[in-house]
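Please open the model in a viewer and follow the selections below in order.

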Amino acid sequence: MAREQTFSIIKPDATRRNLTGKINAMLEDAGLRIVAQKRIHMSQAQAESFYGVHRERPFFGSLVEFMTSGPVVVQVLEGENAVLKNREVMGATNPEQADEGTIRKAFAESIEANSVHGSDSPENAVIEIAYFFSGTEIVG
Ligand code: CMP
């Protein structure tokens, strides 16, 4: 099975509550390796561009405001089937629908402040990783 990379964000609701280490432990316990990581404060332009696919959605303005409200931790995760594995350990977007044992079930505050983001496909992972990391910053 192919080793794969995915892109992950630990969102402002989680960094505010000092949950970076607990979330990283859940990612690692799921078999994912954190091969790049940095803590940044996203600019409005970065958040608008990153979430550009949601521009027409009613929650877009609020989402951008939330994602720029505090620091985030952007990450590259590597492993077999990393995209799917990360989506499994994250749980459903809406924490009310997230399974027991998932990050969002454990930590998410709402459908917006849902603690983590993860790429939804290998194709989008490549695009999202390149948005925040250069090749030399990723150390497998
Ligand atoms: P994420 O996986 O980062 O992708 C889009 C984000 O928009 C989502 O997680 C939530 O943080 C946020 N969001 C807010 N409201 C909604 C909604 N109704 N449906 C989907 N995503 C939402």
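**The ligand and its surroundings**

Begin with Glu 112 and show its backbone: an N or O atom there lies 2.8 Å from an oxygen atom of the ligand, a polar contact (a pair of N or O atoms within 3.5 Å). The protein covers 80% of the 460 Å² of accessible area that the ligand has on its own, by the Shrake-Rupley method with a 1.4 Å probe. This is a predicted model, in which local features need pLDDT of at least 70, side-chain atom pairs count only at pLDDT 80 or more, and totals for chains, interfaces and linings use all residues. Residues are numbered from 1 along each chain as its sequence is written, and side-chain values use heavy atoms, without hydrogens and water.

Next, select the side chain of Tyr 51, where an N or O atom is 2.6 Å from a ligand oxygen. In the side chain of Arg 104, the corresponding distance from an N or O atom to a ligand oxygen is 3.4 Å.

Then display the residues around the ligand, including Lys 11, His 54, Phe 59 and His 117; each has a heavy atom within 4 Å of the ligand.

**Met 26**

Finally, move to Met 26, in helix α2 (residues 20–29); helices are DSSP runs (H or I, at least four residues), numbered from the N terminus. Select Met 90 as well: its C-alpha atom is 9.1 Å from that of Met 26, although 64 residues separate them along the chain.

Definitions and conventions. Polar contact = N/O pair within 3.5 Å; in protein donor to acceptor, adjacent residues only side chain to side chain. Helix = DSSP H or I, 4+ residues; strand = E, 2+ residues; numbered from the N terminus.
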